[in-house]
Amino acid sequence: MNAPMPVSKSARAGRFITFEGGEGAGKSTQVRKLVEALSARGLETVATREPGGSPNAEELRKALLAGLVAPLGPAAEAMIFSAARIDHLDILIKPALARGAFVVCDRFADSTRAYQGALGSLSDEFIDGLERVTVGDNMPDLTFMLDVPAEEGLARAGKRRGDEAVDRFEAENIDFHRKLREAFRDIAERNPQRCVIIDATRPPDDVAADIWREVETRLLGQEASA
Ligand SMILES: Nc1ncnc2c1ncn2[C@@H]1O[C@H](COP(=O)(O)OP(=O)(O)OP(=O)(O)O)[C@@H](O)[C@H]1O
Ligand SMILES: [Mg+2]
């Protein structure tokens, strides 16, 4: 009697927005600002992040960011990120979209494609297949690629971290982070209808203004002109 409603694409009344980019690009900052702006319009908004976003996925996050999965290689790492993503989608994202909420997520499937796919030299076939069985029809409506030079992002992330130890990905060398930036730009260029590259070197409020303009035009179009 109380079985959960199956959630399919047709049941998706909400909107799904993701933020991608390298370390320290400003993703978490901009997620917070966008959630504030959407909430101020009276829209139900759910802020979440990956890896994580559900209790089981948060447990997997700890292992992933501690580097416990890295020795198994990029294919295994991509699969554990994807396992966490399946739970996050089932427990949090799909139900929120079904009831009409805006879901704003700090990193999502493009991070797997960039970090494990491009940087880990996994084939497109592998990543495409993984994305298909993990995410399927639940790809984001809109993805912001926050673009900053690798040096600047790492410097910001280092300043924020203070004395805490670097995580598994921050510990990679500068060349890794340069390639990562290219990988995100490449994904955006291949998916122009979904992705917008944002110059994230500017002050946070200027970045947020660009993002809000895109959200209004692409997702709130009818309301904005009403
Ligand atoms: N546009 C900006 N200009 C200058 N500093 C910024 C900007 N946006 C964020 N910052 C600062 O840079 C640091 C990193 O920002 P934030 O945590 O939002 O980045 P992130 O992309 O989420 O990083 P990570 O990948 O490490 O989670 C923070 O100290 C934040 O205050
Ligand atoms: Mg962050």
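**Exercise 1. The faces of strand β3**

In this predicted model, work out which residues of β3 lie on one side and which on the other, and whether these faces are covered or open.

*Solution.* Begin with the two sides of the strand: Phe102, Val104 and Asp106 lie on one side of β3, while Val103 and Cys105 lie on the other. Next, look at the burial of each set; the residues named on both sides are all buried, and both faces of β3 are therefore covered, given that buried means under 20% relative accessible area. The count for the whole strand, residues 102-106, agrees with this, as five of its five residues are buried.

**Exercise 2. The partners of β3**

Find which strands pair with β3, and state how many bridges join each of them to β3.

*Solution.* Take strand β1 (residues 15-20) to start with: five bridges join β1 to β3, and the two run parallel. Within the model, Thr18 can be located opposite Cys105 in β3. Then turn to strand β2 (residues 45-49), which also pairs with β3 in the parallel sense, over five bridges. Here Val46 has Val103 of β3 as its bridge partner.

**Exercise 3. A histidine in helix α3**

Decide whether His88 is buried or exposed, and identify the side chain with which the side chain of His88 makes a polar contact.

*Solution.* Locate His88 in helix α3. Its relative accessibility is 0%, so His88 counts as buried. Now follow its side chain, which makes a polar contact of 2.8 Å with the side chain of Thr48. Finally, widen the view to the residues in contact with His88, leaving aside neighbours within four places in sequence: these are Thr48, Arg49, Glu50, Gly52, Gly53, Ser54, Ile93 and Cys105.

**Exercise 4. The buried residues of helix α5**

Establish which residues of α5 are buried, and against which helices the buried residues of α5 pack.

*Solution.* Going along helix α5 (residues 124-134), one finds that Ile127, Gly129, Leu130, Glu131 and Thr134 are buried. The buried residues of α5 pack against two helices, α3 (74-98) and α4 (109-118). Beyond the helix, α5 is followed by Gly136, which has a positive phi, near 55°.

**Exercise 5. Salt bridges between helices and within one**

Determine which parts of the chain are tied together by the salt bridge of Asp205 with Lys33, and then examine the pairs Arg190 with Asp124 and Arg218 with Glu214.

*Solution.* The structure holds 25 salt bridges, and one of them joins Asp205 to Lys33, with the closest N and O atoms 2.7 Å apart. Because Asp205 lies in helix α8 (residues 204-219) and Lys33 in helix α1 (residues 27-40), this pair ties together parts that are 172 residues apart in sequence. As for accessibility, Asp205 counts as exposed at 54%, whereas Lys33, at 26%, counts as partly exposed.

For the second pair, the side chains of Arg190 and Asp124 meet in a salt bridge of 3.6 Å, N to O. Arg190 belongs to helix α7 (residues 174-190) and Asp124 to helix α5, so the parts tied together here are 66 residues apart in sequence. Arg190 is exposed, with a relative accessible area of 52%, and Asp124 is partly exposed, with 38%.

For the third pair, Arg218 forms a salt bridge with Glu214, the closest N and O atoms being 2.9 Å apart. Both residues lie in helix α8, four residues apart, which is about one turn of the helix. Each counts as partly exposed, Arg218 at 38% relative accessibility and Glu214 at 25%. Elsewhere, salt bridges that share partners join Asp199, Arg202, Asp210 and Arg213 into one network.

**Exercise 6. The surroundings of ligand 1**

Which residues come nearest to ligand 1, and how much of the accessible area of ligand 1 does the protein cover?

*Solution.* There are 15 residues around ligand 1, of which Lys27, Ser28, Thr29, Arg160 and Arg202 come nearest. Proceed to the atoms themselves: an oxygen atom of ligand 1 is 2.5 Å from an N or O atom in the side chain of Thr29, and an oxygen atom of the ligand is 2.6 Å from an N or O atom in the side chain of Arg160. A nitrogen atom of ligand 1, in turn, is 3.4 Å from a polar backbone atom of Pro204. As a last step, consider the cover: ligand 1 has 630 Å² of accessible area on its own, and the protein covers 75% of this area.

Definitions and conventions. Residues are numbered from 1 along each chain as its sequence is written. Chains are lettered from A and ligands numbered from 1 in the order in which they are written. This is a predicted model: local features need pLDDT of at least 70, side-chain atom pairs count only at pLDDT 80 or more; totals for chains, interfaces and linings use all residues. Side-chain values use heavy atoms; hydrogens and water are left out. Buried means under 20% relative accessible area, exposed over 50%, partly exposed in between (1.4 Å probe, protein chains only). Two strands pair if DSSP finds at least two bridges between them. Contact means heavy atoms within 4.5 Å. A salt bridge is a side-chain nitrogen of Lys or Arg within 4 Å of a carboxyl oxygen of Asp or Glu. A residue is near a molecule or strand if one of its heavy atoms lies within 4 Å of it. A polar contact is a pair of N or O atoms within 3.5 Å; within protein, one must be able to donate a hydrogen and the other to accept it, and residues adjacent in sequence count only if both atoms are side-chain atoms. Accessible areas come from the Shrake-Rupley method with a 1.4 Å probe; for residues, only the protein chains shown count as cover.
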